[in-house]
Amino acid sequence: MVARALLTFALALAGCAGAFQAAPEVRYEPTPMDVVEIMLELAQVRGDDVVADLGCGDGRLVIEAARRHGARGLCVDIDPKRIAEARRNAAAAGVAERVTFLNQDLFGTELRGISVVMLFLSPRFNLQLRPKLERELASGARVVSHWHDMGDWPPSRTVRVTSDGRQRAVYLWTMP
């Protein structure tokens with residue numbers, strides 16, 4: 001009887017395991033809209049681009065790339081609330097059909113075919129992500145990071161901007 005109860009409990013717990021998402025390790029802070037504009041300009045986003053925002057939050061970077069430039073987009077976030085919000089925002093902006101939404105860990109996201117990657121993560125996450133970017137992105141793909149660099153990988157260009165009373169750096173790397 002006890003064995004059956006334990007087995008039932010173990011099976012129920014195993015069935016629920018997939019329902020639990022890891023907590024986000026990077027605190028959500030939306031990129032100010034004036035910085036969004038600078039990031040899109042720095043990447044020179046075009047209509048034939050596929051723009052991925054890894055840790056997309058409310059989706060604003062990808063939504064603006066689709067709305068302003070006709071690009072296709074990929075929103076990736078580990079937080080289901082952020083993905084739901086990004087979906088609503090894309091629908092409200094009339095670009096939902098141009099954007100794919102993935103509620104998953106960004107390190108498990110396939111980046112082949114992506115031409116622009118947008119980041120606002122952390123110094124540690126950027127450094128962890130760098131080998132994946134170098135391995136999966138094609139030559140000419142652009143990577144833009146708000147605030148955080150990539151250690152000893154020198155950016156192609158850096159723009160410094162004051163937004164919300166804070167000095168911010170925006171970095172661009174172009175894949176060789």
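F125 is buried in this predicted model, with a relative accessible area of 9%. Its ring partner, F107, is another matter: at 29% relative accessibility, that residue counts as partly exposed. The two rings have their centres 5.5 Å apart and their planes at 55°, so this pair is a tilted one. F107 sits in the loop between β3 and β4, while F125 belongs to helix α5 (residues 123–136), so the contact ties together parts that are 18 residues apart in sequence. Four aromatic pairs turn up in the structure. Elsewhere, W153, Y171 and W173 are joined into a cluster by ring pairs.

Next comes the sheet. Seven strands make up an open sheet in the order β3-β2-β1-β4-β5-β7-β6, and the pairing is mixed. At the edges are β3 (99–103) and β6 (157–163), each of which pairs on one side only. From one strand to the next, the twist averages 15°.

Helix α3 (residues 60–69) packs on this sheet, where it touches β1 (50–54), β2 (72–77), β3 and β4 (116–119). The direction of α3 makes about 165° with that of β1. Six residues of the helix can be named as buried: L61, V62, I63, E64, A65 and A66. Note that E64 is on that list. The cover over the buried residues of α3 includes strands β1, β2, β3 and β4, and also helices α2 (33–43) and α4 (80–93). Just after α3 comes G70, with a positive phi near 75°.

At the other side of the strand order, β7 (residues 166–174) has two partners to deal with. With β5 (residues 142–146), β7 pairs in the antiparallel sense over five bridges. Two of the residue matches in that pairing can be picked out: R142 is bridged to T174, and S145 has Y171 as its bridge partner. Y171 is thus a bridge partner in β7 as well as a member of the aromatic cluster with W153 and W173. With β6, the pairing of β7 is again antiparallel, this time over seven bridges. Here R160 stands opposite A169 of β7. The hairpin formed by β6 and β7 has two residues between the strands, and in it D164 takes a positive phi near 55°.

R142 also turns up among the contacts of R46. That arginine is found in the loop between α2 and β1 and is partly exposed, with a relative accessible area of 41%. Setting aside neighbours within four places in sequence, R46 is in contact with H69, A71 and R142. From R46 to V116 the separation is 70 residues in sequence, but 9.9 Å in space, C-alpha to C-alpha.

Another arginine, R82, has its place in helix α4. R82 is buried, with a relative accessible area of 19%. The charged end of R82 sits over the ring of Y28, 4.2 Å from the ring centre. Once residues up to four places away in sequence are left out, R82 touches Y28, G57 and D77.

Finally, the cysteines. Searching the whole structure gives zero disulfides. C56 is in none, and the nearest cysteine sulfur, that of C75, lies 3.9 Å away. Why is there no bond for C75? The sulfur of C75 is 3.9 Å from the closest cysteine sulfur, in C56, which is too far for a bond, as a disulfide needs the two sulfur atoms within 2.5 Å. Both residues are out of the solvent: C56 counts as buried at 4% relative accessibility, and C75 counts as buried at 0%.

Methods:
Residues are numbered from 1 along each chain as its sequence is written. This is a predicted model: local features need pLDDT of at least 70, side-chain atom pairs count only at pLDDT 80 or more; totals for chains, interfaces and linings use all residues. Side-chain values use heavy atoms; hydrogens and water are left out. Two strands pair if DSSP finds at least two bridges between them. Helices (H or I, at least four residues) and strands (E, at least two) are DSSP runs, numbered from the N terminus. Axes are lines fitted to C-alpha atoms, for helices over the stretch in contact, and angles run from 0 to 180 degrees between N-to-C directions. Contact means heavy atoms within 4.5 Å. Rings of Phe, Tyr and Trp (its six-membered ring) pair if their centres lie within 6.5 Å; planes under 30 degrees apart count as stacked, over 60 as edge-to-face and the rest as tilted. Buried means under 20% relative accessible area, exposed over 50%, partly exposed in between (1.4 Å probe, protein chains only). A charge sits over a ring if NZ of Lys or CZ of Arg is within 6 Å of the ring centre and within 35 degrees of the ring normal.
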